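I opened this notebook to keep track of what I looked up, entry by entry. I begin with a term that I needed before reading any contact.

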Number of protein chains: 2
Amino acid sequence: MSVDAQPRRRDAERTRAELLDVATEEFAERGYSGARVDEIANRTRTTKRMIYYYFGGKEQLYLAVLERAYAEIRAAEQAVDVEHLDPVAALRRLAEVTFDHHEAHPAFIKLVGVENAQHAKHMNHVARLVDLNSSAVDLLHGVLDRGRRDGVFRDGVDALDVHMLISSFCFFRVANRHTFGALFDRDLLDPARRTFYRTMLGDLVTGYLQEV
Amino acid sequence: MSVDAQPRRRDAERTRAELLDVATEEFAERGYSGARVDEIANRTRTTKRMIYYYFGGKEQLYLAVLERAYAEIRAAEQAVDVEHLDPVAALRRLAEVTFDHHEAHPAFIKLVGVENAQHAKHMNHVARLVDLNSSAVDLLHGVLDRGRRDGVFRDGVDALDVHMLISSFCFFRVANRHTFGALFDRDLLDPARRTFYRTMLGDLVTGYLQEV
DNA sequence: TAACTAACGTACCAGTTAGTACATTGACGG
DNA sequence: CCGTCAATGTACTAACTGGTACGTTAGTTA
């Protein structure tokens, strides 16, 4: 049947990774209950049997997908060098990195939505995610502190609230793109408006930190 | 079997409404594919048969749920009297109404997420939603115009972008409550922080409209 | 009060889906 | 080159799930 009847090659790592890649797309696109293990398997070069062999079941596969997705985004954030920038520029930079990452990883955004739809019940089983994420806020905290000492930022602003502000803006733009587009006929991801929204976010955040 | 073997009462409107209510919860909680028609029916005083009798099927029931949810939120928004407030206060008021509504209607927020997960493909079949929603932005547009004439708001700010800003903040707080709580150990819906976030949103929006 | 119909209930079916029993094969150590 | 086992493939199944055929009943009207 198959034209390229390649002799079966064995590569545990590749099979595992391939399953994770396809499962990420599938869970992001169809949600947890909407995703089909058969469909995931069919889109790889291996079979459904391997999902159970490597992960144990649909739920554990989902968990592995979630864990890897979060690990990736936090790794990207950690790569940002913010020390050599003045506080205002550093804050803008952090906002922009989040902005860019959300735009570049829609599957991750969707997974966040999927996990929230399930009240984040799986996430609690992935304790190490907490460490990863708190480091993201630590970075922000440092910048705000520095800005306060320099007198360019006001007092009493919590880093976590700033993080929430940035995330909410970036998240909404990607996650609710479709209903927003349907209701208001505006594509929030239109490349022509990208720079504008990126700047708008920076203005918002720095503006908030400098309000009287 | 049934203790209260009440003689069967017939009430088409009530049966329909009950199905809609339960279906709203079910679709919001479990998503479109996660929701079960049997489960919806079991949680009402009627049977699955009635879903097909009144709505035609699972998909049409979902559509009816979506339509009603949107109609309700827009009706609430229209009730806001904004004319007698000065532009800054009016803007704050609009933001607060959105804030309150998001908090009071988590099921609606979840439905928005569910619909986006499906690329808003159902929403396009509900054309009249567009009218409802554009009126929400018209209100905002009027306030911004008035503020510009009074010289308290700067030029070049689009009402739809302000609407997006307000929505993103309110939406994130409700929709991503669970992952945010799991990762950062902060409940965004904690009543003790409610006033703070409500004020923060007002500060953000008015601050953005007054930036240099 | 008989006839009629909207409203409702029951029992079932066909297709789907997560999961598994069991057979097979490739690669590697000795 | 052979034994061994990790890795893989095939063929199922039990449970679920949306949908429906068909019968029944409450309320209304002639």
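A polar contact is here a pair of N or O atoms within 3.5 Å. With that in hand, and keeping in mind that the model is predicted, I looked up the backbone of Val37(B) and found one of its polar atoms 3.2 Å from a phosphate oxygen of DNA strand D.

I then checked chain A for a phosphate contact and noted that a polar side-chain atom of Tyr53(A) lies 3.3 Å from a phosphate oxygen of DNA strand D. For the bases, I noted Arg49(B), which has a side-chain N or O atom 3.5 Å from a base nitrogen of the strand.

Next I took the surroundings as a whole: 23 residues surround DNA strand D, with Arg10(A), Tyr54(A), Arg10(B), Arg36(B) and Lys48(B) the closest. Of the strand's atoms that come within 4 Å of the protein, 62% belong to sugar and phosphate. I sorted the residues of this surface into 12 charged, 7 nonpolar and 4 polar, and I saw that helix 3 of chain A gives the most to it, with 4 residues.

My last entry concerns the loop between helix 6 (106-117) and helix 7 (128-150) of chain A, where I found His119(A). Most residues other than glycine have a negative phi. His119(A), however, has a positive phi of about 60°, and Ala120(A), in the loop between helix 6 and helix 7 of chain A, has a positive phi near 55°. Which of the two words, buried or exposed, fits Ala120(A)? I wrote down buried, because its relative accessible area is 1%, whereas His119(A) is partly exposed at 36%.

Conventions
Residues are numbered from 1 along each chain as its sequence is written. Chains are lettered from A and ligands numbered from 1 in the order in which they are written. This is a predicted model: local features need pLDDT of at least 70, side-chain atom pairs count only at pLDDT 80 or more; totals for chains, interfaces and linings use all residues. Side-chain values use heavy atoms; hydrogens and water are left out. A residue is near a molecule or strand if one of its heavy atoms lies within 4 Å of it. A polar contact is a pair of N or O atoms within 3.5 Å; within protein, one must be able to donate a hydrogen and the other to accept it, and residues adjacent in sequence count only if both atoms are side-chain atoms. Helices (H or I, at least four residues) and strands (E, at least two) are DSSP runs, numbered from the N terminus. Ala, Val, Leu, Ile, Met, Phe, Trp, Tyr, Cys and Pro count as nonpolar, Asp, Glu, Lys and Arg as charged, and the others, Gly among them, as polar. Buried means under 20% relative accessible area, exposed over 50%, partly exposed in between (1.4 Å probe, protein chains only).
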